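Me: I would like to learn how to read charged and polar side chains in a model of this kind. Could we begin with the structure itself on display and then take the features in turn?

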Amino acid sequence: MARTKRFVIAGGGRVGKQTAENLVEQGHDVLLIESDAERVEALSDAYIGPVIHGDATRPSILEQADLSEADAIAALTDEPGTNLAICMEAQQYAPSIRTIARAETETDQEYGEVVDATLLPEYLGGDYAADILTGEDIRTLVYPTADLDIIEVSVAPSAPVAGRRLDEIALPAGSLLISTADRTELAGAETVLEPDEQYILAVETDVVDEVLNLMRG
């Protein structure tokens, strides 16, 4: 079982809140930082995790967040410049912390020099941001409906399905292997799930955990 991680989310708007909720659903701990009083109240009422009311670019606020104990920080405010400043300031307190910043365009070249990953407008979903933060070998490719996810998963060498053909595997009802990650062909009965290779699946929400156990052990 994967260990519980601790994440700091700066920005409690739609994306920040969705990201925090997704991480908590995965069993991780989340602390949110938000400067708007009304959002702070709404976040507190949602019981996602501790909420700090303040400006995340201020050293005193980041000190309260105890970044040395966090695995990653995501700066998801509506202001790209603010997000960059938050990540830069965070790295002063915790040089090894993983950082993600919401950007506006792929041409924001300076982001790549100071943050580990950027989140662009077309991917502004909480699931996508949570995937980047956790660093797991699973990625949500399409923002899910209430009942269905389209995901990309790496097969772990020790997984029950590693090295086996699709027709030898009992995938649970409500799941479908679509293709390999390179999307060169559809999956068929003779498709072999090779260790360390990535595959795309459509999975109903209630069997996601079962599918991940088969793919990752």
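Reply: Let us start with Arg 165, keeping in mind that this is a predicted model. With a relative accessible area of 32%, Arg 165 is partly exposed, because that class lies between the buried limit of under 20% and the exposed limit of over 50%.

Me: With which residue does Arg 165 form a salt bridge, and how far apart are the closest N and O atoms?

Reply: The partner is Asp 167, and the closest N and O atoms are 2.5 Å apart, which falls under the general criterion of a Lys or Arg side-chain nitrogen within 4 Å of a carboxyl oxygen of Asp or Glu. Asp 167 is itself partly exposed, at 44% relative accessibility.

Me: How many salt bridges does a search of the whole structure find?

Reply: The search returns four, and one of them joins the side chains of Arg 39 and Glu 34, with an N to O distance of 3.9 Å. In this pair Arg 39 counts as partly exposed at 35% relative accessibility, whereas Glu 34 counts as buried at 5%.

Me: Which parts of the chain does the pair of Asp 78 and Arg 102 link?

Reply: Asp 78 and Arg 102 form a salt bridge whose closest N and O atoms are 3.1 Å apart. The pair links distant parts of the chain, since Asp 78 sits in the loop between β4 (72-75) and α4 (80-93), while Arg 102 belongs to strand β5 (residues 98-102), 24 residues apart. Asp 78 is partly exposed, with 48% relative accessibility, but Arg 102 is buried, with a relative accessible area of 14%.

Me: Which residues form the negative surface patch?

Reply: A patch of this sort gathers like charges that have over 30% relative accessible area and take no part in a salt bridge. Here the negative patch is made up of Asp 36, Glu 38, Glu 41 and Asp 45. Of these, Asp 45 is found in helix α2 (residues 37-46) and, at 52% relative accessibility, counts as exposed because the limit for that class is over 50%.

Me: Is Ser 175 buried or exposed, and what lies 2.6 Å from a polar atom of its side chain?

Reply: Ser 175, which is placed in strand β10 (residues 175-180), is buried, because its relative accessible area of 16% is under 20%. The backbone oxygen of Pro 172 lies 2.6 Å from a polar atom of the Ser 175 side chain.

How values were computed: Residues are numbered from 1 along each chain as its sequence is written. This is a predicted model: local features need pLDDT of at least 70, side-chain atom pairs count only at pLDDT 80 or more; totals for chains, interfaces and linings use all residues. Side-chain values use heavy atoms; hydrogens and water are left out. Patches are made of residues with over 30% relative accessible area and no salt bridge: like charges are joined within 9 Å, nonpolar side chains (Val, Leu, Ile, Met, Phe, Trp, Tyr) within 5 Å. Accessible areas come from the Shrake-Rupley method with a 1.4 Å probe; for residues, only the protein chains shown count as cover. Lys and Arg count as positive and Asp and Glu as negative; His and the chain ends are not counted. The place of a charge is taken as NZ of Lys, CZ of Arg, CG of Asp or CD of Glu. Helices (H or I, at least four residues) and strands (E, at least two) are DSSP runs, numbered from the N terminus. Buried means under 20% relative accessible area, exposed over 50%, partly exposed in between (1.4 Å probe, protein chains only). A polar contact is a pair of N or O atoms within 3.5 Å; within protein, one must be able to donate a hydrogen and the other to accept it, and residues adjacent in sequence count only if both atoms are side-chain atoms.
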